[in-house]
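Q: I'm new to this structure and would love a close look at a single part of it, the second largest pocket. Could you walk me through its lining, and then show me what else is worth seeing around the chain?

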Amino acid sequence: VTGGASGSGNGTVNYAVAANTATATRSGALTIAGQSLAVTQAATAPVVASLNPTSASVAAAGGSGSVAVTAATAGASWSAVASDTWISITSGASGTGNKSVAYTVAANTAPSPRTSSISISGARFSITQAGAPCSYVVSPTSVNAAAAAGTYSATVTTAAGCLWTAASNSSFINVGRSEERRVGKECRSRW
């Protein structure tokens, strides 16, 4: 309220409405003399009318692609910003009117997929990248066990997040239940 916040008898209340920079309408209200005055503010017209495509799926090895930007008006200026460092915008980081944004996606060395986006003046281009396949190294790969009963161990080396199991296919070799399943870089299985 910029003027007339209180009074006696007839009066006028002056109020200011801040700019709405969002692309959605918003509503508020004033209470004057116990009565409600509803205020609905129009949205700012979007700078970007559409993206084509709106999303991309990328292999774990990484890759590149582009997205076509259709501006809401011929003279509309827009900019593109990647949400994560593993996405790089190689051309079209900013533009006017209808143009394309080119990008590259770095390799994903983790087994879990990941998702991020490029924001183009409020429009969202989603990128989903597959996780890297798990690889395993078991050491040692063979053991000469003594005739007497004994306990031995093997080390499994893999990326964090890669699951594995240990099982015996011989009746005289037993794998401890508590160590059958592990996640991590270096784990041991005993028998």
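A: Sorted by character, the lining of the second largest pocket has six nonpolar residues, nine polar ones and no charged ones. The model you are looking at is predicted. The volume of this second largest pocket is about 250 Å³. Its lining is made of 15 residues, and those closest to the pocket's centre are G4, A5, S6, V13 and I32.

Now let's turn from open space to the packed interior. The largest nonpolar core has 20 residues, and the ones touching the most other members are L51, Y103, I118, I120, F125 and I127. Strands that give two or more residues to this core are β3 (48–52), β4 (55–58), β5 (63–71), β6 (77–82), β9 (99–105), β10 (114–120) and β11 (123–129).

I118 makes a good place to pause. Leaving aside residues up to four places away in sequence, I118 touches A80, V81, A82, I87, I89, Y103, A123, R124, F125 and I127. Among these partners, Y103, F125 and I127 are also on the list of core residues that touch the most other members.

V67 offers another view. This residue lies in strand β5, and V67 counts as buried because its relative accessible area is 0%, where the cut-off is under 20%. Again setting aside residues up to four places away in sequence, V67 is in contact with L51, N52, P53, K99, S100, V101, Y103, I120 and F125. For a sense of distance, V67 and A159 sit 92 residues apart in sequence, and their C-alpha atoms are 33 Å apart in space.

Finally, have a look at the disulfide. The count comes to one, and this disulfide joins C134 to C162, with an S to S distance of 2.1 Å. The pair links distant parts of the chain, 28 residues apart: C134 is in the loop between β11 and β12 (137–139), while C162 is in the loop between β13 (153–157) and β14 (163–165). The torsion about the S-S bond of C134 and C162 is about -90°, so the disulfide is left-handed. Are its two ends buried or exposed? C134 has 33% relative accessibility, so C134 counts as partly exposed, a class that lies between the 20% and 50% limits. C162, at 2% relative accessibility, falls under 20% and therefore counts as buried.

Methods
Residues are numbered from 1 along each chain as its sequence is written. This is a predicted model: local features need pLDDT of at least 70, side-chain atom pairs count only at pLDDT 80 or more; totals for chains, interfaces and linings use all residues. Side-chain values use heavy atoms; hydrogens and water are left out. On a 1 Å grid over the protein atoms alone, a cavity is a set of points where a 1.4 Å probe fits but cannot get out, and a pocket is an open set with protein on both sides within 12 Å along at least five of seven lines; lining residues have an atom within 4 Å of a point. Grid points are joined across faces, edges and corners, and a volume is the space filled by probe spheres set on the points. Ala, Val, Leu, Ile, Met, Phe, Trp, Tyr, Cys and Pro count as nonpolar, Asp, Glu, Lys and Arg as charged, and the others, Gly among them, as polar. A nonpolar core is a set of buried Ala, Val, Leu, Ile, Met, Phe, Trp, Tyr and Cys residues joined through side-chain atoms within 4.5 Å. Buried means under 20% relative accessible area, exposed over 50%, partly exposed in between (1.4 Å probe, protein chains only). Helices (H or I, at least four residues) and strands (E, at least two) are DSSP runs, numbered from the N terminus. Contact means heavy atoms within 4.5 Å. A disulfide is a pair of cysteine sulfur atoms within 2.5 Å.
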